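This report describes how the helices and strands of one protein chain are arranged. Please keep the sequence and the structure in view while reading.

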Amino acid sequence: MSPSNAFSTQTSKPQHFLSTADLTKDQLYNLLTRSIELKVEAKYNVSTPTRPLTGKTLAVMFSKRSTRTRVATESAMAYLGGHAMFLGAQDIQLGVNESLLDTSRVVSSMVDGIMARVGGHDEIVTLAQESSVPVINALSDKYHPTQILADLVTLHEYRHHKTLNPTEYTAHQQHPSETLPGLKVAWVGDANNILQELMVALPKVGIHLSAACPKGYECQQDVLDIAKAEAKKEGTQLIFTTSPEEAIKDADVIVTDTWVSMGQEDEKAKRLAEFSGYQVTMDLAKRGGAKSDWIFMHCLPRKPEEVDDEVFYSDRSLVFPEAENRKWTILAVLDSLLVKKSL
């Protein structure tokens, strides 16, 4: 029995959001549609928000640096009328001077929700296990759920507007279940938390996924098991290879991420050598046989060795709409957990 289990005093458990793996297909679709509704409400209809979280506080506990997640979280909480209290690595030290168990109990007793960016996934699990308020995973080494929500909203918007070519934003008038199934997403890069979140989310909504990672870079077995089970249930395809060209074959979307994350700088030379040939370029897409209208996505921040400027700044690139959608999806999660009290 882990220490957190042995000394746990929590009896009433709030609902948390640690990964899309924990959601049903309907719950996932509900978050996507709510994200789009809130985007229309705030950005296009410019209606006066009701401020349902007035007087409420969200602890934003980040042990790692953040741009998109922090800005999205703080602005989303402000839109709902609440206050986001940022607690960075210099403010509190998760699990260093005080155990995660103690920190979770203390902080959750004073706030209405916790948004946490951690190292090991076990840290977010412990925080959630001992918290008396909802905990949202802002990133762990295993999963990054709010990012993949933004990716799915972006894909829905792109498919909707490309098909109907409206003169204004109308993505809220079509359900994502009509745009997402049947797409093929190709991953080219590291077997990291982004790929693992894609694996547990995409098959669930009918998106085929092919992943190219260098030899020796494999996803965790329990993630593979979840992905395979969802793919079997929904009739979607999962392909794993070490060849970027093979993964890209017939892809609608090509996705990559950083190969050298914070804390891995000492491995940079080794990783750059192992990821030779993995840079996303127009030539790679052509050699691999991606669909003629393929698009590119990246969660940012981006380094040139992952994708060249020609692709990154091209009309095929959706990286900036994808980044913006972090706000609307996080807004939907906050609305669901802190206002409606349910995903």
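Which residue in β3 is the bridge partner of L58? The partner is G113. The model discussed here is a predicted one.

**The sheet of four strands**

The pair L58 and G113 belongs to a longer pairing, in which strand β1 (residues 57-62) and strand β3 (residues 113-117) run parallel and are joined by 5 bridges. These two strands form part of an open sheet of 4 strands, with the order β2-β1-β3-β4 and parallel pairing. The edges of this sheet are taken by β2 (83-87) and β4 (135-139); each has a single partner strand, so one side of each is left without a neighbour in the sheet. From one strand to the next, the twist averages 20°.

Helix α3 (residues 68-79) lies across β1, β2, β3 and β4. Relative to β1, the helix α3 runs at about 175°.

**The sheet of five strands**

A further open sheet consists of 5 strands in the order β7-β6-β5-β8-β9, and here too the pairing is parallel. At its edges stand β7 (238-241) and β9, each of which has a single partner strand, so one side of each is left without a neighbour in the sheet. On average, neighbouring strands of this sheet are turned by 20° against each other, direction ignored.

Two pairings in this sheet involve β8. Strand β8 (residues 253-256) pairs with β9 in the parallel sense over 4 bridges, and within this pairing M297 of β9 is the bridge partner of V255. Strand β5 (residues 184-188) also pairs with β8 in the parallel sense, over 3 bridges; there, A186 stands opposite I254 in β8.

The side chains of strand β9 (residues 295-298) deserve a closer look. I295 and M297 point one way from the strand, while F296 and H298 point the other way. Are these four residues of β9 buried or exposed? All are buried.

Helix α7 lies across β5, β6 (208-212) and β7, and its direction is at about 155° to β6.

**Two pairs of packed helices**

Two packed helices are described by the angle between their axes and the distance between the axes. The axes of helix α7 (residues 193-201) and helix α8 (residues 221-234) come within 7 Å and cross at roughly 30°. An angle under 35 degrees counts as roughly parallel, and α7 is therefore roughly parallel to α8. The crossing of α7 past α8 is left-handed. On the side of α7, the contact is made by Q196, M199 and V200, and on the side of α8 by V223, L224, I226 and A227. By class, these residues divide into 6 nonpolar, 1 polar and no charged.

The other pair is formed by α3 and helix α13 (residues 319-339), which pack at an angle of about 50° with their axes 8 Å apart. The helices α3 and α13 are therefore oblique to each other, and their crossing is right-handed. Among the residues that meet in this contact are A72, A76 and Y79 of α3 and I330, L331 and L334 of α13. The contact of α3 with α13 has 9 nonpolar, 3 polar and 3 charged residues.

**Three individual residues**

The table sets out the location and relative accessible area of three residues.

| Residue | Location | Relative accessible area | Class |
|---|---|---|---|
| N325 | helix α13 | 0% | buried |
| L343 | segment after α13 | 11% | buried |
| D309 | helix α12 (residues 309-312) | 46% | partly exposed |

Which residues does N325 contact, leaving aside its neighbours within four places in sequence? They are K39, A150, V153, T154 and E157.

For L343, residues up to four places away in sequence are again not counted; its contacts then include Q15, H16, F17 and L23 as well as S336 and L337. L343 and L23 are 320 residues apart along the chain, yet their C-alpha atoms are separated by 8.3 Å.

D309 is in contact with R302 and S314, when neighbours within four places in sequence are left aside. The C-alpha atoms of D309 and T281 are separated by 8.6 Å, and these two residues lie 28 residues apart along the chain.

Notes. Residues numbered from 1 in each chain as written. Predicted model: local features only at pLDDT ≥ 70, side-chain atom pairs only at ≥ 80, totals over all residues. Heavy atoms only, no water. Axes fitted to C-alpha atoms, helices over the stretch in contact; angles between N-to-C directions. Parallel < 35°, antiparallel > 145°, perpendicular 65-115°, else oblique. Left-handed = near helix turned anticlockwise from the far one by under 90°. Contact = heavy atoms within 4.5 Å. Nonpolar A, V, L, I, M, F, W, Y, C, P; charged D, E, K, R; others polar. Pairing = 2+ DSSP bridges. Buried < 20%, exposed > 50% of the residue type's maximum accessible area, 1.4 Å probe, protein only.
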